Structure formats: structure tokens, C-alpha cells
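Subject: Structure handover

Hello,

Here is the structure I promised to pass on. Please open it first, then read my notes below.

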Amino acid sequence: MFVRNAWYIAAWSDEVGDTPLGRRILNEPVVLFRDGNGRAAALADRCCHRSAPLSLGRCVAEGIECGYHGLVIDTNGQCVSVPGQRLVPPGAQVRRYPLVEKNQFLWVWMGEPALADPALIVDFPYHDDRARWPHKHTMYPIRSNYMLMVDNLMDLTHLGYLHAKTIGGNPLQHFQADMKTVRTPSGVKFTRWMRNSPPPPSYVKAARFQGPVDRLQVFEYVAPSSILQWTGATDAGSGIEPDDFPFQFRLFHGLTPETETSCFYFWSAANGYRQDDPATTEQLFGEIAFAFREDAAMVEAQQARLGELGEDGLVDINSDATRMTMRRHIDRMLAAERQQEAAE
Ligand code: FES
Ligand SMILES: [Fe+2]
């Protein structure tokens, strides 16, 4: 079951060019495309003539042309032309999903269209500030429920084990980190200090630290499926403000459910420490990509076991507190939707 009344990332803006993109979102087939003016839209991926997937068609000036018999549907989902006849039959319409292009993403609203308020979309202006935050981005298809990936990102105690060779560092330090978690109106946020700790291998590579560092991580979960991350480090005891840390980067993580057991993982890495060196942005992205493939492999294996054996007999440990707060937040959103539906 998914929260429907929320904005989800349907695609990176640059994934949708002059050919339609078919993508299953919240278990519904959706087609993303642009008309001749570059305006992006999301429609049900089903032609209103004989149900052919519109994603097999092509982009035309007025919208999207079905690849079967050539009906043209505009970005509002309205059929605007039928080959060989002057009149468009009444009701020739395809379901339209509200779509907003913002911060290099196409955000889609799969729920009640009247509730789709663009002001609710997460702000991540760093994607638009390439001078201060040069970044690189991608999307991984993951064979797991989207919340297993959210859990993974919001519980950093796995770093010292799963990512020992890259971004991890000493496992015990992750458990002893000075961690403050607060609930926010839209989710949960934590700050996590690891003072006077040995820098993990990827930090040394990136910033050439010679000795121990003060390491700070800030993670904000915006329900249901975005995580905004700031990470930085400075020489231990230097006392400088985090914004001035000589090593810092920002990551964006967006998880969009495809089905109950698969999701799309949109992420970016923005370099905030050597902005004038494109090789640095590449290196940062490459190191993180390596770690994220480790995450994907583990989470997919976890999903497979859960699918086979269910949740019976599993226990919670201290570091599951954030995970449980997030689940409760989602449960409240789902309950609110059910209440709303019942009232209609
Ligand atoms: S099925 Fe699309 S035009 Fe016929
Ligand atoms: Fe990880």
C-alpha cells in the first residue's frame, strides 16, 4: 500500500527528451513525454482508442501520437486529432497526472488531483546552482520495496560493515556517534557528529586528510520518499563552522515505488569542496556509486528473504529508532488518506 497524495519523482528532467518514457509508478503504467513546446506531462500509459501503450508512440508538436493508429493526445490528456476523420469522439481522453518540473526533476502526483499543491514539493535548489554545487546524477532500478532503501539511508550504522572499504570507517564509531534526531512536520531529521575520528578511505582520497577529523552528517527525511543529505569533515578540533568545512558534499535521494517489491532510486552527488575541478565531481560520484551498488545488492537480497520468509521473528535494536519513526509517519499519512476516502 502506498501513500498516493504525495509528490514522487517520476524521472530526472533529462530522462525525458524527444521520445516518450514509459514507467510504472505506484503500480500504474505512466507515460512521460514533452510536447513541441518542451512542456512535460504524465498520462496513463494507455491509449483511449484500443489500449495500446502510448509509450510506444512518438512525441509530436501537439503532444503524443499513439504508435498504433495515430491518435494524438495533448499534455492535458485530451485527444486532439484522429487520422481520417474530422471529429474527435466525445470522451476521447486519457487520464492525466499532475506533473511539475522542478530542480531537474519531474514530480508526479498519483493521488487526488485537486490536492496536488506544488508548494508541497521538496526544495533542492543545489541542482540548479552548478557553480557552487557541480553535481552528477543517475537512477538505479532496485528490486525492493522503496522503504527498504529509505531504511538503509536513514540508518548509518551499516556504513562500517557494508561500506568498510569506502565511506565506512570504524564500525563502532558509527554506533557511538553523537546523534540528535528530531521529528519535523514532514518527517524526521538527524544530525550526527563523529568527532576526532579516523577519516574513511574515500574522505582521505577526496580531501587528503592527514589525521583524525570531525565528521558531521545531516539527513532529512521528507515523507514519503525524499532524503536530503549534507556531509562534511574538517581536521579534528579546527572549530570551524560546518558551512566552511574544507570537505563537504550534498546528496539527494529520491525513492519512487514501482511495485510493492521494486522501486526507482534517483540520486545525485554535488561537490561542495573543489568546484572548479570536474574530475573531483566525477570521483565523488564514482566513490558513492560504488557504495550504493553495495546497498542495492544488500537490500535486494533482504527483499528476497522477506518475500520468502516474512517478518516473523525479527527483532528491533536501538538503531532502528529512526526507522520506526519513519514508519509511523507513513502510517499516519495512510490513515489520513483512508479517512479522507471514507468521508467522500
Ligand atoms: S490504440 Fe492508440 S490509436 Fe489505436
Ligand atoms: Fe549505504
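How many of the nine residues of helix α1 (residues 146-154) are buried? Seven of them are, so helix α1 is largely enclosed by the rest of the structure. The buried residues are Y146, M149, V150, D151, N152, L153 and M154. Note that D151 and N152 are on that list. Before going further, one caution: this is a predicted model.

**Overall build**

The protein has seven helices and 18 strands. Its radius of gyration is 22 Å, and the globule rule gives 20 Å for 344 residues, so the protein is as compact as a globular protein of that length. The C-alpha trace spans about 75 × 50 × 35 Å along the principal axes. Buried residues account for 38% of the 344. Of the contacts with a separation of 6 or more, 57% link residues 24 or more positions apart.

**Two domains**

The domain assignment gives domain 1 (7-120) and domain 2 (126-335). Their C-alpha centres are 33 Å apart. Where they meet, nine residues of domain 1 are in contact with eleven residues of domain 2. On the domain 1 side, β1 (7-12) and β2 are the elements that give two or more residues. The largest share there comes from β1, with three residues. By type, that side of domain 1 has five nonpolar residues, three polar and one charged.

**The open sheet**

β2 also belongs to an open sheet of four strands. The order is β2-β3-β4-β9, with antiparallel pairing. Why do β2 (21-25) and β9 (96-97) each have one side without a neighbour in the sheet? Both stand at the edges with a single partner strand, so one side of each is left without a neighbour. The partner of β2 is strand β3 (residues 28-34), joined to it by five bridges. One pair to look at is R24, whose bridge partner in β3 is P29.

**Around β16**

Strand β16 (residues 226-235) has eight of its ten residues buried, so β16 is largely enclosed by the rest of the structure. Which strands does it pair with? One is strand β15 (residues 213-222), which runs antiparallel to β16 and is joined to it by ten bridges. A hairpin of three residues connects β15 to β16. Here V213 has D235 as its bridge partner in β16. Another is strand β17 (residues 247-259), also antiparallel to β16, with eight bridges between them. In that pairing, the bridge partner of T231 is F249 in β17.

**The nonpolar core**

Now the interior. In soluble globular proteins, nonpolar side chains tend to be buried together. In this model, the largest nonpolar core has 77 residues. Strand β18 (residues 262-271) gives the most to this core, with seven residues. The core draws at least three residues from each of domain 1 and domain 2.

Which residues of this core touch the most other members? They are A10 and V108. Leaving out residues up to four places away in sequence, V108 touches Y8, A10, I25, V30, A42, Y97 and L99. So V108 and A10 are a good place to start when you view the core.

Best wishes

Key
Residues are numbered from 1 along each chain as its sequence is written. Chains are lettered from A and ligands numbered from 1 in the order in which they are written. This is a predicted model: local features need pLDDT of at least 70, side-chain atom pairs count only at pLDDT 80 or more; totals for chains, interfaces and linings use all residues. The radius of gyration is taken over C-alpha atoms; the globule rule is 2.2 Å times the number of residues to the power 0.38. A residue is buried if 20 or more other C-beta atoms lie within 10 Å of its own, exposed if 12 or fewer, and partly exposed in between; C-beta atoms are placed from the backbone. Two residues are in contact if their C-beta atoms, placed from the backbone, lie within 7 Å. Two strands pair if DSSP finds at least two bridges between them. Domain bounds come from an automatic or database domain assignment. Ala, Val, Leu, Ile, Met, Phe, Trp, Tyr, Cys and Pro count as nonpolar, Asp, Glu, Lys and Arg as charged, and the others, Gly among them, as polar. A nonpolar core is a set of buried Ala, Val, Leu, Ile, Met, Phe, Trp, Tyr and Cys residues joined through C-beta atoms within 7 Å.
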